[in-house]
Amino acid sequence: MNTTLKKAMFWTPRIAGILFVLFISLFAFDVFEEGLGFWGTLLALFMHLLPSILLAIAIYVAWKWEWVGALLFIGWAIWYVAFFRDRDFPWETYAIIAGIPALIGLLFLAGWFWRKQIRAA
């Protein structure tokens, strides 16, 4: 395995996870339009950022243990589809909010599977 592929296998799921967390964090900004007052806005912002916080923790854990990151990201995707399956969301919503984390989880799984080759000097 060449050096470029090793670096890509290591960094791609981590960077993609960070970018995904930043992406879903953007949806939390709608609480500022609700006029809830300071404490209400703070609570609503926390509630909207809770998925981002949980996925950020998943990235932190996955940085060291890729297999745990794979389980957490794939688990997120399964949970999202199972929890929101009765909503009338277009398929694109599921593809983005569940598909991207599933792909990130698979990348962490591949990184764990080939960890000896990736981390070899």
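This tour moves through the predicted model one selection at a time, saying at each stop what is there.

The model is predicted, so local features are taken only where pLDDT is at least 70 and side-chain atom pairs only at pLDDT 80 or more, whereas totals for chains, interfaces and linings use all residues. Residues are numbered from 1 along each chain as its sequence is written, and side-chain values use heavy atoms, with hydrogens and water left out.

**The whole chain**

Begin with the protein chain in a cartoon view, where the secondary structure comes to 5 helices and 0 strands, in the order α-α-α-α-α from the N terminus; helices (H or I, at least four residues) and strands (E, at least two) are DSSP runs, numbered from the N terminus. The C-alpha trace spans about 55 × 30 × 20 Å along its principal axes. Switching to a surface view, the accessible surface comes to about 8,100 Å², and 74% of that surface belongs to carbon and sulfur atoms; accessible areas come from the Shrake-Rupley method with a 1.4 Å probe, and for residues only the protein chains shown count as cover. Of the 121 residues, 32% count as buried, where buried means under 20% relative accessible area, exposed over 50%, and partly exposed in between (1.4 Å probe, protein chains only). Among contacts between residues at least 6 apart in sequence, 69% join residues at least 24 apart, a contact being heavy atoms within 4.5 Å.

**The salt bridge**

Next select Glu66 and Arg14, which form a salt bridge with their closest N and O atoms 3.0 Å apart. This pair links distant parts of the chain, with Glu66 in helix 3 and Arg14 in helix 1 (residues 3-25), 52 residues apart. The structure holds 1 salt bridge, defined as a side-chain nitrogen of Lys or Arg within 4 Å of a carboxyl oxygen of Asp or Glu. Side chains of opposite charge can pair when their charged atoms come close. Both partners lie under the burial cut-off: Glu66 counts as buried because its relative accessibility is 5%, and Arg14 counts as buried because its relative accessibility is 1%.

**Arg119 and its contacts**

Keep the pair displayed and add Arg119, found in the segment after helix 5 (115-118). Which residues does Arg119 touch, not counting residues up to four places away in sequence? The contacts are Phe10, Arg14, Trp63, Lys64 and Glu66, and among them are both members of the salt bridge, Glu66 and Arg14. Arg119 itself counts as partly exposed, because its relative accessibility is 44%. For a distance label, use the C-alpha atoms of Arg119 and Lys6, which are separated by 7.6 Å although the residues are 113 apart along the chain.

**The nonpolar patch**

Now select Trp65, in the loop between helix 2 (37-64) and helix 3, which counts as partly exposed because its relative accessibility is 48%. Extending the selection to Trp67, Leu71, Leu106, Leu109, Trp112, Phe113 and Trp114 completes, with Trp65, a nonpolar surface patch of about 860 Å². The elements giving two or more residues to this patch are helix 3 (66-83) and helix 4 (91-113), and helix 4 supplies the largest share, 4 residues. Patches are made of residues with over 30% relative accessible area and no salt bridge, like charges being joined within 9 Å and nonpolar side chains (Val, Leu, Ile, Met, Phe, Trp, Tyr) within 5 Å.

**Ile78**

Still in helix 3, select Ile78. Ile78 counts as exposed because its relative accessibility is 55%, and its C-alpha atom is separated by 7.2 Å from that of Ala98, 20 residues apart along the chain.

**The largest pocket**

Turn then to the largest pocket, which holds about 420 Å³ of space. Of the 16 residues that line this pocket, select Phe27, Pro51, Tyr80, Phe84 and Ile97, the closest to its centre. Helix 2, helix 3 and helix 4 each give two or more residues to the lining.

**Two buried positions in helix 2**

Finish in helix 2, first with Ser52, which is buried because its relative accessible area is 4%. Leaving aside neighbours within four places in sequence, Ser52 is in contact with Val21, Ile24 and Ser25. Then select Thr41, found in helix 2: is Thr41 buried or exposed? Thr41 is buried, with a relative accessible area of 13%, and its contacts, again leaving aside neighbours within four places in sequence, are Val31, Phe32 and Leu36.

Technical notes. On a 1 Å grid over the protein atoms alone, a cavity is a set of points where a 1.4 Å probe fits but cannot get out, and a pocket is an open set with protein on both sides within 12 Å along at least five of seven lines; lining residues have an atom within 4 Å of a point. Grid points are joined across faces, edges and corners, and a volume is the space filled by probe spheres set on the points.
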